[in-house]
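Morning, everyone. Please have the sequence and the model open. I will keep this short.

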Amino acid sequence: MSDKMALSEAGFIMRYAGNPILSREDIPYEADLVFNAGIAKFNGKYIMVFRNDYHMKDEALPMPSTNLGLAVSDDGLNWVPDAEPMVTLERARELGGSLYSNRDAREISRFYDPRLTVIDGRCYLCFAVDTPHGVRGGIAVTDDLKEFEILTLTVPDNRNMVLFPEKIGGYYYRLERPFPIYGRSEPEAFDVWISRSPDMVHWGASDLVLGVEDVPFSDRKIGPGAPPVKTEKGWLTAFHAVDYDEDRGKKGWEKAWKKRYTIGLMLLDLEDPSRVLKVAKTPLMIPRADYEVSGGFRNDVLFPGGLILEDSGEVKLYYGAADTVECLATATLNELLTFLDNEG
Ligand code: BMA
């Protein structure tokens with residue numbers, strides 16, 4: 001590949017030998033791309049809510065159809081998907097209808113970007129919805145992964161929202177990624193922001209956390225990925241970072257794909273998570289494995305969606321690869337914190 005940015009990743013990252021952990025072959029309903037999942041431990045199990053794009057080859061449709069699927073695991077490695085999708089577009093429109101007072105919820109065309117955070121025993125699902133009036137980020141809550149209550153939706157354009165797993169100083173916090181066009185010099189220079197809320201419904205007191213210019217391995221957009229995990233040193237969180245190279249050509253099913261998505265790591269202050277304590281100046285992971293660089297819909301895309309800190313000190317990092325499959329990599333917490341010390 002021609003790369004104007006020559007990048008290498010952290011040497012200690014271990015890709016799971018059984019990757020991908022979930023792909024279209026595992027899904028008992030129509031599925032083409034199974035990726036960019038949210039992962040959490042909930043009621044004694046590992047749960048994964050993944051994005052499923054299907055009807056990929058239907059040229060009559062402007063874009064693939066998308067639904068959200070659920071898979072469950074006892075060990076975080078072997079996953080059993082449900083027989084049916086968890087949230088179809090029709091279901092999303094029903095849910096969305098409760099928040100549209102003067103619009104037809106059928107204008108929702110896509111419900112995607114699932115990220116999971118368990119807070120006080122309840123499971124929160126962050127998501128994005130596409131509408132002709134812009135992309136909105138939302139938060140829903142569920143106790144059984146069947147019934148969902150939508151609590152809030154942003155104004156456009158916003159997505160990639162992730163929640164912190166507990167209140168901090170009396171407030172809920174979320175990271176998010178608005179898409180500001182006006183005033184940005186690059187066409188897609190988008191940053192990571194933070195907002196807080198007393199009740200999970202009303203959000204504000206927003207602040208910029210990490211700008212593209214703070215990430216030397218990105219020259220385009222960055223965005224939250226895996227919901228933050230609490231450590232003694234701070235909130236540990238993985239984000240996605242994009243670099244662009246005009247010389248990149250065909251990389252997958254599309255005619256051309258000039259972006260690469262890598263995974264970055266940062267540590268936020270425990271009491272004031274708008275404060276970055278450390279951000280690694282080099283990527284934690286770059287696309288390297290076969291299933292990341294070839295044969296996918298958009299090769300050279302890694303997209304982190306879940307970070308689980310085990311009692312043993314092992315960290316499981318779940319990520320979508322090539323917008324096509326879901327994968328797992330591991331490291332120890334110690335390795336990740338040392339990486340931030342050395343590269344931050
Ligand atoms: C972004 C999102 C991600 C996806 C990435 C690369 O805009 O749609 O879900 O992984 O593009 O295609």
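I will start with the ligand and its surroundings, then turn to a glycine.

A word of caution: this is a predicted model.

Where does the ligand sit? It sits in the largest pocket. Around the ligand we have Asn36, Arg51, Arg159, Lys221, Trp257, Tyr261, Arg298, Val301, Phe303 and Asp323. Sort that shell by class. You get 5 charged residues, 4 nonpolar and 1 polar. The charged ones are Arg51, Arg159, Lys221, Arg298 and Asp323. The polar one is Asn36. Trp257, Tyr261, Val301 and Phe303 make up the nonpolar part.

Now the polar contacts. Take Asn36. One of its polar side-chain atoms is 2.9 Å from a ligand oxygen. Next, Arg159. Here a polar side-chain atom lies 2.7 Å from an oxygen of the ligand. Then Arg298. An N or O atom in the Arg298 side chain is 2.7 Å from a ligand oxygen atom. How much of the ligand does the protein cover? On its own, the ligand has 310 Å² of accessible area, and the protein covers 92% of that.

On to the glycine, Gly97. Which helix is it in? Gly97 belongs to helix H1, residues 89-97. Buried or exposed? Neither: Gly97 is partly exposed, because its relative accessible area is 31%, between the 20% cut-off for buried and the 50% cut-off for exposed.

Last, a distance. Gly97 and Thr154 are 57 residues apart in sequence. In space, their C-alpha atoms are 15 Å apart.

That is my tour. Questions, please.

Terms used. Residues numbered from 1 in each chain as written. Predicted model: local features only at pLDDT ≥ 70, side-chain atom pairs only at ≥ 80, totals over all residues. Heavy atoms only, no water. Near = heavy atom within 4 Å. Polar contact = N/O pair within 3.5 Å; in protein donor to acceptor, adjacent residues only side chain to side chain. Areas by Shrake-Rupley, 256 points an atom, 1.4 Å probe, with all protein chains shown as cover. 1 Å grid on protein atoms, 1.4 Å probe; cavity = no way out; pocket = protein on both sides within 12 Å on 5 of 7 lines; lining within 4 Å. Sits in = over half its atoms within 2 Å of the grid points. Helix = DSSP H or I, 4+ residues; strand = E, 2+ residues; numbered from the N terminus. Buried < 20%, exposed > 50% of the residue type's maximum accessible area, 1.4 Å probe, protein only.
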